[in-house]
Each structure stands twice: as structure tokens, then as C-alpha cells.
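The exercises below are meant to be worked with the sequence and the model side by side. Try each task before reading the solution under it.

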Amino acid sequence: MTWDFVHYGLGRWLHILSGVMWIGLLYYFNFVQVDALKKAAADTPPTGAGITKHVAPLALFYFRWAAVATWVMGAFLLGDKFAQAFLFREQAYVPIGIGAWLGTIMLFNVWVLIWPNQKKILGMKPASDEEKAKARRVAFLASRANTMLSIPMIFFMASSAVFHRPLFGG
Amino acid sequence: MKNPLDSLWGTVISGLVLTVVLYYLARSMMGG
């Protein structure tokens with residue numbers, strides 16, 4: 001087994017596997033759970049307790065750790081080109097550099113804005129009703145921002161390979 | 001003005017617009 005196979009074969013595979021889990025759960029939250037919980041809250045009596053008690057904490061667990069795994073495996077894939085990509089030092093690394101920056105902003109949103117506020121919303125951390133309302137808004141907007149950023153992020157990840165370079169006029 | 005992120009379609013359209021903007025930015029950074 002060569003180093004290139006471990007680096008570009010296994011590394012890319014694990015990057016994509018964890019990325020599918022991360023973005024898949026992000027889309028579950030945004031395309032399914034938000035709307036489902038809104039409808040469940042309107043039921044008499046409200047029917048969303050099972051989702052917030054059993055589904056959301058488990059989904060958030062895999063979501064936040066898949067985000068870390070995706071970023072770490074992405075950094076591993078960039079290897080010694082990490083600085084070239086993030087600092088846009090080489091023209092060929094501009095597309096993946098933009099994708100890497102979008103992924104990094106998204107990872108920040110997961111760990112700094114979404115997860116701490118979700119802990120308050122789900123009752124894992126004590127919070128007043130006012131704090132919970134504020135946490136709900138911040139977590140919602142950060143999650144929606146990540147959904148928005150995921151669209152260009154996946155475009156740049158998918159189009160950064162050598163054979164797609166003519167797409168950028170290269 | 002309403003925040004586009006409040007609606008799912010607003011979020012998706014914002015993402016598509018951002019993709020186009022960043023694509024042209026990448027092209028110009030690559031001299032294309």
C-alpha cells in the first residue's frame with residue numbers, strides 16, 4: 001500500500017464519507033426537522049417531544065463530530081498544500097481554497113453557534129425562556145447560513161479536481 | 001427587508017447566487 005493510496009485514496013474516501021454524514025444531517029435539520037417540529041408544535045397536544053428528546057440529540061452528536069472528521073480529513077488531503085490553498089498562494093489551489101474556507105466557516109458555525117445554543121434549546125444546559133428564544137434564533141440562522149454555504153462549498157469541492165480546471169478558464 | 005434565510009427557498013437561492021459570485025471571483029483570481 002503506497003502513501004499516495006492512503007493519502008488520496010483512503011483520505012478522500014473518509015473525507016467524502018464524513019462529509020456526506022455532516023451535510024446529510026444538516027439538510028435533515030433544515031429540510032425536514034425545522035418544518036416537522038413547527039407542525040408538531042401546532043398539534044393539540046403538541047407531538048414533537050420524541051423528536052427533541054430522542055432524535056435531535058443523536059443527530060446533533062453525529063452532525064458535529066462528522067463536521068470535525070470532514071475538516072480534519074480535508075486538511076489531511078491538502079497536506080503540504082494546506083497553506084497554498086488557504087492563503088490562495090497558487091492559482092491552481094484557488095477553487096479548493098475557497099471550498100476549504102467555506103467548510104472552515106461552517107465548522108465554526110457548528111461548534112460556536114449551533115451546538116452551544118442547541119444545548120440550551122434541548123435542555124442540556126440550563127437557560128431561561130428568554131435565553132432559549134434567543135438561542136433558537138441564533139442556532140436557526142447559523143444552521144440556515146451553513147445550508148446556504150454548503151451549496152458553493154460542494155461546488156468548489158467537486159470542481160477543484162485537475163480535470164475540471166478548464167471550468168475556471170485554466 | 002425580510003431575511004432570505006428565514007425561508008428554505010430563500011436559503012437555496014442565496015446559496016446558488018453565492019456560488020455564481022464565488023465562481024467569477026475564483027476565475028478572476030486564476031486569471032481566467
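**Exercise 1.** Is Ile51(A) buried or exposed, or does it fall in between, judged by the other C-beta atoms within 10 Å?

*Solution.* The coordinates come from a predicted model, so each step rests on computed values. Begin by locating the residue: Ile51(A) lies in helix 2 of chain A. Next, count its surroundings: 15 other C-beta atoms lie within 10 Å of Ile51(A), and because burial requires 20 or more and exposure 12 or fewer, the residue is partly exposed. Then list its partners: leaving aside residues up to four places away in sequence, Ile51(A) touches Gln33(A), Ala36(A), Leu37(A), Ala40(A) and Ala56(A). One of these pairs can be checked by distance, since Ile51(A) and Leu37(A) are separated by 14 residues in sequence and by 7.8 Å in space, C-alpha to C-alpha.

**Exercise 2.** Describe helix 2 of chain A by its span, its bend and its buried residues.

*Solution.* First, the span: helix 2 of chain A covers residues 49–78, and its 30 residues at 1.5 Å a residue should reach 44 Å, which agrees with the 43 Å between its end C-alpha atoms. Second, the bend: the helix turns by about 35 degrees at Val55(A), and the proline Pro57(A) follows within four residues. Third, the buried residues, which are Phe63(A), Ala66(A), Ala67(A), Thr70(A), Trp71(A), Met73(A) and Gly74(A). Their cover includes helix 1 (3–42) and helix 4 (94–121) of chain A. A contact list shows part of this packing: Trp22(A), not counting residues up to four places away in sequence, touches Phe63(A), Ala66(A), Ala67(A) and Thr70(A). Finally, just after the helix, Gly79(A) adopts a positive phi of about 55 degrees.

**Exercise 3.** Find what is notable in the backbone at Pro45(A) and at Phe88(A).

*Solution.* Take the proline to begin with: Pro45(A) sits in the loop between helix 1 and helix 2 of chain A, and the peptide bond leading to Pro45(A) from Thr44(A) is cis, with omega near -10 degrees. Turn then to Phe88(A), which is placed in the loop between helix 3 (82–86) and helix 4 of chain A. The phi of Phe88(A) is near 55 degrees, a positive value in a residue other than glycine. As for its surroundings, Phe88(A) counts as partly exposed because it has 16 C-beta neighbours inside 10 Å.

**Exercise 4.** Which face of helix 1 of chain B do the buried residues line, and what covers them?

*Solution.* Start with the chain as a whole: chain B has one helix and zero strands, and 16% of its 32 residues count as buried. Helix 1 of chain B (8–29) has 22 residues and reaches 31 Å from first to last C-alpha, close to the 32 Å expected. Its buried residues are Thr11(B), Ser14(B), Gly15(B), Leu22(B) and Ala26(B). Seen down the helix axis, these buried residues fall within an arc of 105 degrees, so they line one face of the helix. On the other side, Trp9(B), Val20(B), Val21(B), Tyr24(B) and Ser28(B) are exposed. The cover over the buried residues of this helix includes helix 4 and helix 5 of chain A. After the helix comes Gly31(B), with a positive phi near 75 degrees.

**Exercise 5.** Work out how many residues each chain gives to the contact between chains A and B, and which elements form the largest nonpolar core.

*Solution.* Count the contact first: it takes 19 residues from chain A and 15 residues from chain B. On the side of chain A, the elements giving two or more residues are helix 1, helix 4 and helix 5 (129–159), and helix 5 gives the most, with nine residues. By class, that side has 12 nonpolar, six polar and one charged residues. Now consider the largest nonpolar core, which has 31 residues, with Trp22(A) and Phe156(A) making the most contacts inside it. Helix 1, helix 2, helix 4 and helix 5 of chain A, together with helix 1 of chain B, each give two or more residues to this core. Helix 5 of chain A gives the most to the core, with nine residues.

Conventions: Residues are numbered from 1 along each chain as its sequence is written. Chains are lettered from A and ligands numbered from 1 in the order in which they are written. This is a predicted model: local features need pLDDT of at least 70, side-chain atom pairs count only at pLDDT 80 or more; totals for chains, interfaces and linings use all residues. The expected span of a helix is 1.5 Å times one less than its number of residues. The bend at a residue is the angle between axes fitted to the seven residues ending there and the seven starting there. Two residues are in contact if their C-beta atoms, placed from the backbone, lie within 7 Å. Ala, Val, Leu, Ile, Met, Phe, Trp, Tyr, Cys and Pro count as nonpolar, Asp, Glu, Lys and Arg as charged, and the others, Gly among them, as polar. A nonpolar core is a set of buried Ala, Val, Leu, Ile, Met, Phe, Trp, Tyr and Cys residues joined through C-beta atoms within 7 Å. The arc is that of the directions from the helix axis to the C-beta atoms.
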